[in-house]
Amino acid sequence: MTTAADPRLGQIREVLLPKSAGAGSPVVRLDAFRKLAQDSDKEGALLIGSQREVEATMQSEAFQARLSWRRGTDGTQTASISFESLGAQGMRLGLQIDMLPMRSVLRVFGSQDEHGVEIDSAVVAQAVQNNLNAGVPEQDARLYWLPTIRGAQVTLEVELPADIPRAALVLSIPKLVHLWTLPEHAEPEIDITKAAAASCHRDATCSPAFDTAARSVARMVYVKGVYAYVCTGALMADANATETPYFLSAAHCISSQVVASTLETTWFYRSATCGSFTVDSRVRYVYGGASLLYVGEATDTSFMRLNSSPPDGAVFAGWDSSTPKLPTSVTGIHNPRGDFQKISTGTLNAFANCRMIGSKVICSVAQASTGNFLQVGWSSGTTEGGSSGSPLFASNNGNHYVIGQAQSASLDICGWNRNTQYGRFDLAYQAGLKQWLGPSSIPPTLAENLTAVFRFYNPSTGAHFYTSSVLERDFVISTYPAFTYEGPKFKASSLAGPGLAPVYRFFNVQTGAHFYSISPAERDFVLDTYPQFKYEGTAWYSQPQAGNKAAQMYRFFNLRNSVHFYTLSKAESDFVRATYPEWKYEGGVYYAWPN
C-alpha cells in the first residue's frame with residue numbers, strides 16, 4: 001500500500017530560485033565554530049550539530065533593521081537576510097515568531113543553491129499551535145526551526161502580500177544550528193573512504209525481498225535541546241487503512257512536541273544498486289515536523305503523525321501486536337550513522353529489561369511476562385548511532401511485520417557480541433498505540449486534541465473570519481482594527497484521526513472574505529470554478545457525522561455580498577433565520593464541539 005501526496009496541500013515545497021534571489025542581502029557572520037568536548041556522539045541517537053546564539057539578530061528590532069526590502073511589480077514585498085557560520089557543513093535557522101502574517105511566505109536556501117525550500121505561513125502557524133496545545137511555554141512554542149540547508153551560509157527570504165504592512169512582521173533569529181557533519185554525503189557519487197557506517201553493514205538494496213518493507217523506513221533529523229541528531233523511524237499502517245502518516249520511532253529520540261515539530265525525514269536514502277556508492281535517484285526530503293501522539297518510556301516508544309505527506313512510493317508498514325516467539329528470525333532496516341539504508345539479519349533470542357545508567361543502556365535477560373524489550377543477536381550487519389528508532393521486522397509467508405523499534409546500538413559494532421535491544425511493539429500497542437492503529441472509529445484521546453476556534457467580524461464587509469491559530473488570532477487583533485474579535489466560538493481537532501475530516505479554507509482575493517468547507521467535492525468545485533478563491537489548505541479537523549458529543553455546524557450564505565456565516569449555536573442559527581432574510585440558510589455542514 002502506498003500513499004500519494006495531495007499537491008494542493010504541499011505547503012512546504014522545493015522551488016526553483018530566480019537568479020536575483022538573495023542578491024544584496026546583508027550577511028550576519030559568526031566566528032568559526034569550536035566543537036567542545038561534550039559535543040560528542042551519544043549512544044543511540046547520532047549527534048551531528050549544536051546550537052549557536054546569534055547576538056546580532058536576537059532581538060526583533062535588530063532583526064527588522066537588518067532586512068533588505070524590495071517591492072515586486074505586483075506590489076509583493078520581499079526581504080532577505082543571510083547568515084554565515086564558518087566551517088558549517090549545513091545549518092538550520094531558529095525563527096522566533098512574534099507576528100507572522102497569514103499569506104506570507106518564507107524561503108531558505110544556500111549561497112550556491114539553484115533550489116530553495118518554501119514554507120507557507122499557515123504551516124508555521126500550525127506548528128506553533130501544536131506546541132501551544134501541548135503545553136509548551138510560549139517563548140519555546142514560537143521558535144520555528146527552518147529546514148536544513150547545506151553549506152556555511154544560508155539566506156532567509158520573507159515575502160509579504162502587497163496589502164500587508166511591513167510593521168505586521170515581527171520576527172528574530174536568536175539562534176541557529178551549526179551542523180559539523182551532514183547526515184548524508186554531499187555528492188551523488190560517494191567515495192568508499194567517506195562511507196559513514198561500519199564495514200560489516202549490508203546495503204538494503206542488496207535484499208530485494210525486503211524492498212517493500214524498506215520503503216516504509218525513513219531517516220530522521222531533528223533538534224533537541226542544544227543539539228541536532230539523527231535517528232530512524234517507520235511509516236505505520238492502521239487497521240482501517242486510512243493512510244494517515246503515523247510514524248514510529250524511539251522515545252529517546254523524540255519524546256516532546258517541541259522536538260517533534262523540528263523533525264525532517266529522508267526517504268529512499270539508499271544505494272542505487274547493491275554495493276554501489278551512488279544514491280538512489282528517488283531520494284526525497286520531507287519537512288514540516290510531526291504531531292506527537294504517544295510516548296511510552298517503558299518500551300522506549302515514540303509515536304507521531306507526520307504533518308506533511310510522505311512521498312510517492314513510500315509504504316505503510318504492517319505490524320504484529322501478538323507476543324513474539326523465541327527464537328525468531330528477524331530483520332532490521334535502518335540508517336546507521338545517517339548513511340545509506342542498511343539491512344541487518346539475525347535472531348530474536350531473548351526478552352530483556354533495560355535501564356539507563358549514566359549515558360549507557362544496561363540490559364538483563366527476562367521472561368516474556370516481565371521483559372519490555374527484545375534482544376537480537378546479529379548474524380549479518382549490526383546497528384550504530386542513528387539506527388535508534390528503526391523498525392525490527394518478523395516475517396510470515398513472505399510478508400514483513402514490525403515487532404519493535406531500536407533502543408540501543410551494538411556495543412561491539414562488528415565483533416562477535418553484536419546484540420541490539422528493541423522496544424516491544426506488542427506492549428506499546430496495548431498500552432496506547434491501538435487507539436490509532438487499531439480498528440476503532442475515534443481515538444479516546446480526541447478531547448486532548450481539541451482546540452478553540454476564534455471568530456472575528458468585519459462590519460465593513462459583513463463577513464466573519466475563523467481561525468484555530470493563536471498566532472493568527474493575535475496577528476489579526478494587532479493589525480486589523482476593522483475586525484471585531486468575538487472570542488472562541490467552538491472547538492475542533494488540531495490533528496487528523498479516524499472519523500475526522502479536514503475542513504478546507506479559501507481566501508477570496510476580491511472580497512477579502514474566507515470560505516470553509518469539509519467537502520472534498522466542494523473544495524474541488526471551488527478550485528475549478530472560482531479562480532478568485534485562493535486555496536489555503538486545512539483549517540482544522542471535524543466530524544462529517546454526528547457522535548462523540550459533537551454538535552452540528554450551521555451554514556448561511558449572504559445573498560447581498562456573497563459571504564458565508566457559520567455557527568455551532570442552534571439559538572444563533574434560529575435568530576439569524578428569523579431576523580435576517582438576506583442570509584440564506586444552507587443547513588448543517590459538519591459537526592464540531594461546543595466551546
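A salt bridge here is a side-chain nitrogen of Lys or Arg within 4 Å of a carboxyl oxygen of Asp or Glu. Arg13, Arg70, Arg107, Glu118, Asp120, Glu157 and Glu159 are linked in a network of such bridges. The structure holds 26 salt bridges.

This is a predicted model, in which local features need pLDDT of at least 70, side-chain atom pairs count only at pLDDT 80 or more, and totals for chains, interfaces and linings use all residues. Residues are numbered from 1 along each chain as its sequence is written, and side-chain values use heavy atoms, with hydrogens and water left out.

**Salt bridges**

Side chains of opposite charge can pair when their charged atoms come close. Three pairs follow.

| Acidic residue | Basic residue | Closest N to O distance |
|---|---|---|
| Asp474 | Arg142 | 3.1 Å |
| Asp426 | Arg424 | 2.7 Å |
| Glu472 | Arg505 | 2.8 Å |

The Glu472 and Arg505 pair links distant parts of the chain, with Glu472 in helix H7 and Arg505 in strand S32 (residues 501-508), 33 residues apart. Helices (H or I, at least four residues) and strands (E, at least two) are DSSP runs, numbered from the N terminus. Glu472 and Arg505 are both buried. Buried means under 20% relative accessible area, exposed over 50%, and partly exposed in between (1.4 Å probe, protein chains only). Asp426 and Arg424 are buried too.

Asp474 and Arg142 form a salt bridge at 3.1 Å. Asp474 sits in helix H7 (residues 470-479) and Arg142 in the loop between helix H3 (138-141) and strand S9 (143-145), so this pair ties together parts 332 residues apart in sequence. Asp474 is partly exposed, at 23%. Arg142 is buried, at 6%.

**Helix H2**

Helix H2 (residues 121-133) has 13 residues. Its first and last C-alpha atoms lie 18 Å apart, close to the 18 Å expected at 1.5 Å a residue. That expected span is 1.5 Å times one less than the number of residues. H2 is largely enclosed by the rest of the structure, because 10 of its 13 residues are buried. Among them are Val123, Val124, Val128 and Leu132. Polar residues are also buried here, including Gln129, Asn130 and Asn131. Just after H2, Gly135 takes a positive phi of about 85 degrees.

**Ser517**

Ser517 is found in strand S33 (residues 514-517). Its relative accessible area is 3%, which means buried. The Ser517 side chain makes a polar contact of 2.5 Å with the side chain of Glu522. A polar contact is a pair of N or O atoms within 3.5 Å; within protein, one must be able to donate a hydrogen and the other to accept it, and residues adjacent in sequence count only if both atoms are side-chain atoms. The Ser517 side chain also reaches the backbone nitrogen of Ser519 at 3.1 Å. Not counting residues up to four places away in sequence, Ser517 touches Pro502, Val503, Tyr504, Glu522 and Arg555. Contact means heavy atoms within 4.5 Å.
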